[in-house]
Amino acid sequence: MQQPPKSLLASGVVLSVLAAGLAGAIIRENREQGSSVVERQQAQIGRMLVSNAKDPEIPESEFFYELSKLLKENYVDPVTDDDKLASGAARGMIGSLSDGNSLFMNPAQFKAFRNLQKGQFEGIGIETIYWFSETQLDQLGQRDKKKPDDEQALPDPTAMVPQLRVSAVAPGGPAAEAGIQPGDRLLYIDNKWIIASELVAELRDLQKKVADKKATPDALDEFRIKVRDKLKTSITPARARDVLTLGTTSSVKVVYERRGKQLSATIKKRVVRVQPAGEPKDGAVAFRLFTGSSAKLSRLLAQGVTKLDLRNGTRGDLEEVRKCLSLVGPSSAYGSIGTKRGSATRPFTIATGVRSSKQLELIVDESTRGAAEIFALALKLKGLAKLTGPKTAGDLTIFSIRELPDGSGYTLSTGIYRPLLASTTKREGQK
Amino acid sequence: MTNSGWKAGALIGLLVGSFGVGYGWRDLAAGTLGSSPDVQRLLSPKRKPTPTQVFKATFNDILTNYYRKVDPVELKYAGMEGLMGSLGDPHTMFMEPVLADVFSQETKGTRNFVGVGARLAPDPLGAKVRTVFRDGPAEKAGLKNGDLITTVEGKQVAGKEIESIVSMIRGKEGTSVRLEVMRPKRATPVQLVIPRGTIIAPTAEGELLGDTGIGYITVSSFSEPTTEQFDKALNELMTVPGGLKGLIIDMRGNPGGLLQTAVEMLSRFCEDKVVVTMKARSGREESPRTFTNGSVGLKCPIVVLVNENSASAAEIFAGVLRDYKLATLVGEHTYGKASVQNVFNLVGGSGAKITVARYYLPGGEDISRRVDEDGQYISGGLPPDVKVPLDPKAVLGELESDNQLQKAVSIIQSKLAK
């Protein structure tokens, strides 16, 4: 065979090298298409950091370094665990968001959280959420509108403590055996009262009643005593959550409330591994969007299953939403993601899908939340599923997950899924 | 290998390298090679980011990606609070500029301020009036011991920090403050409008308890004039006709103050004794002692009342008398602040309050308070010799209702009976 001219070879080499580079970038882009939008944004921040000049007023990295150095030089005990300082800072920042969906977790909590996404429960076998009442949500909403240094704008911190509620119960687990159900509100853990905001509201109600002569002043004194006693043996919702969801050996006494009735149980902790799909029951298969559930869904669909029970699901793994949708419907927009930053909503799209869509029936109720809820609403929006049952939870927050070097980690709310097609985000010329 | 083999190898190497660069160029640009697990595997074994990088990445993550707008300065302050909070020491804390300013004012001259003339204590439902200063504006307006302040200028104060409530009540000379107050056994809240004035807070006040012959001195802080006020009160009590049968020193709610004042006051009870040993980070030790003379020669039984709000110099005072068997401690465990802090000023007006040394009582005990991640008490403080939980209806200092005071009296009386 004749040797091609050297110049052609040379340009061939150059082109292949460029092509390889481009291929790398494209493959990376595609891999990230399926994952959370956040990772792309992080790269964007990276570019911002490199190209923009730093604002001299906010030297946050020097601040951290300066403060750590100050502690190391002056604190009465040696300060050697730098990772703990960084985690502490992260904890403080995430905590300042006062958002039940953006949470900092220490290594034990983070590990349990990651396991739960895969379907592995520990503790008494429940998932819990921080639940805010309508009034509290209103107050939180108010906060977004006022300026940060307007003290009147800040909601009364004692009125802003959320309730601790059961969002999901591991089937066959200790809590399930004890009769606990999704939606139950937790009141006492080992006889310690879980701090709640109602006391403040109760006081104000009582004050009004006394002023209207509907209650005696003694009632106020009794109330004060009750408050003091309750606070003496109290526990924060965060601590209660730890006691209930971490650990594999001890027992815990739980007092909980369902529709105004108080119930109690003593429950022994253990590990429970739940599969994404259960056995068929009344023609439906219980399906949970744990990590890897899409593989199971693929098998179920191949077997001809069309009815899925999405009740009593944990918040699941958001990554699975896209994967599962792409097994059921075509590549398309399945809703949009909005924020409260005033930026436009962006469409929630599935890049690859199936040509022949399936028609599913999904059983839902108020215990359908997170990944399962988004999956259900997205399919309903596209006419690919019929939803049977009461309204779903309304728990549609999209969040990213970050792990820190010392094993701790946090979730960060980055948007809210809306089962609406954002027609306003279409650019000119794109019909 | 042949020449063409080398060339092929080089080409493959170039292709792979180029692919890698294309794949990871965004991370290279970001300078955060650690962010993508794929890139990490491709390029190097796990490269651990520094704490500063971790902080910066988290800070930027929140600022850029959180679904609500976040103020970067507030976020930074929250980070710094968390950083210092990670040590688990409630006195090592970050103070944003407003707090740093208030703290500095407090330590410089707490004696004179413009307020209403009352000492407040924390209460879950607002602020409890612990003492109403004699002849002050609050007393004239009708504020009473035991009153519970629930609103200030129309704003509810339940759940607020006591310092915050106090700063709401203080203000400019010539102005007034509107308070809503709940009083035991009263149906409706009391509305008070109190004109603010310059207040010189008495820090030590004494009285004789009924006809018990027992003296009762309340010490509310260890400030500069406290020794003089204490001496005056003690002297008056020691010269009552019939002699002083016993002495109760009330340190409840006393947040501490100057060590020197505590040393001076202790010198009235014991001479040339070690008060505390201070150990700083450098390893240097210091042991201040009471004076070699100056004891008042008190012979009667002494009880010191303490509770969880007795801190620092107050704990030292109580602990030293206890360790030298000069007094009995009655009440509830103390706060557990046996440490010294320095305040460092930072860029932008913030401050860092850092524990730089610890105190140890003569007995060697470390009474430092330990709290968990939520700030809840785990251990620490001086345990009382006689534990008496406070009756919820008690008004401190009022013998009829104050069960801790009643116990102190009965302890002294049983000692006398022996």
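**Exercise 1. A strand in the middle of chain B**

Find the residue in β7(B) that is the bridge partner of B:Thr151.

Solution.
- In β7(B), B:Thr151 has B:Glu180 as its bridge partner.
- Helices (H or I, at least four residues) and strands (E, at least two) are DSSP runs, numbered from the N terminus.
- Two strands pair if DSSP finds at least two bridges between them.
- Strand β5 (residues 148-152) of chain B pairs with β7(B) over four bridges, in the antiparallel sense.
- β7(B) is also joined to strand β8 (residues 190-195) of chain B by six bridges, and these two run antiparallel.
- There, B:Glu180 stands opposite B:Gln191.
- Cover comes next: buried means under 20% relative accessible area, exposed over 50%, partly exposed in between (1.4 Å probe, protein chains only).
- Strand β7 (residues 176-182) of chain B is mostly covered, with five of its seven residues buried.

Before going on, note that this is a predicted model, where local features need pLDDT of at least 70, side-chain atom pairs count only at pLDDT 80 or more, and totals for chains, interfaces and linings use all residues. Residues are numbered from 1 along each chain as its sequence is written, chains are lettered from A and ligands numbered from 1 in the order in which they are written, and side-chain values use heavy atoms, with hydrogens and water left out.

**Exercise 2. The open sheet of chain B**

State the strand order of the six-strand sheet in chain B, then name its edges.

Solution.
- The order is β10-β11-β12-β15-β16-β21 (chain B), in an open sheet with mixed pairing.
- The edges are β10 (204-209) and β21 (386-387) of chain B.
- Each has a single partner strand, so one side of each is left without a neighbour in the sheet.
- Further in, strand β15 (residues 302-306) and strand β16 (residues 328-331) of chain B run parallel, joined by four bridges.
- B:Val304 stands opposite B:Leu329 in β16(B).
- Helix α10 (residues 313-323) of chain B packs on the sheet and touches β12 (246-250), β15 and β16 of chain B.
- Contact means heavy atoms within 4.5 Å.
- The direction of this helix makes about 145° with that of β15(B).
- Axes are lines fitted to C-alpha atoms, for helices over the stretch in contact, and angles run from 0 to 180 degrees between N-to-C directions.

**Exercise 3. The open sheet of chain A**

Work out which strands of the five-strand sheet in chain A stand at the edges.

Solution.
- The sheet is open, with the order β11-β12-β13-β16-β17 (chain A) and mixed pairing.
- β11 (277-281) and β17 (385-388) of chain A stand at the edges.
- One side of each lacks a neighbour in the sheet, because each has a single partner strand.
- From one strand to the next, the twist averages 25°.
- Strand β13 (residues 307-309) and strand β16 (residues 360-363) of chain A run parallel and share three bridges.
- A:Leu308 stands opposite A:Leu362 in β16(A).
- α11(A) lies across β11, β12 (284-287), β13 and β16 of chain A, at about 170° to β12(A).

**Exercise 4. One serine in α11(A)**

Describe the surroundings of A:Ser293.

Solution.
- A:Ser293 lies in helix α11 (residues 293-302) of chain A.
- A:Ser293 counts as buried because its relative accessibility is 0%.
- Its side chain reaches the backbone oxygen of A:Phe290 at 2.8 Å.
- Beyond its neighbours within four places in sequence, A:Ser293 is in contact with A:Pro276, A:Phe287, A:Arg288, A:Glu320 and A:Cys324.

**Exercise 5. Salt bridges**

Find the partner of A:Arg402 and say where both residues sit.

Solution.
- A salt bridge is a side-chain nitrogen of Lys or Arg within 4 Å of a carboxyl oxygen of Asp or Glu.
- By this rule, the count over all chains is 20 salt bridges.
- A:Arg402 forms one with B:Asp61, and the closest N and O atoms are 3.3 Å apart.
- The pair crosses between chains, from strand β18 (residues 397-403) of chain A to helix α3 (residues 51-65) of chain B.
- A:Arg402 is buried, with a relative accessible area of 15%.
- B:Asp61 also counts as buried, at 1% relative accessibility.
- Within chain B, B:Asp250 and B:Arg252 meet in a salt bridge of 2.9 Å, N to O.
- Both B:Asp250 and B:Arg252 are buried.
- B:Glu285 forms a salt bridge with B:Lys279, with the closest N and O atoms 3.9 Å apart.
- B:Lys279 counts as partly exposed because its relative accessibility is 34%.

Definitions and conventions: A polar contact is a pair of N or O atoms within 3.5 Å; within protein, one must be able to donate a hydrogen and the other to accept it, and residues adjacent in sequence count only if both atoms are side-chain atoms.
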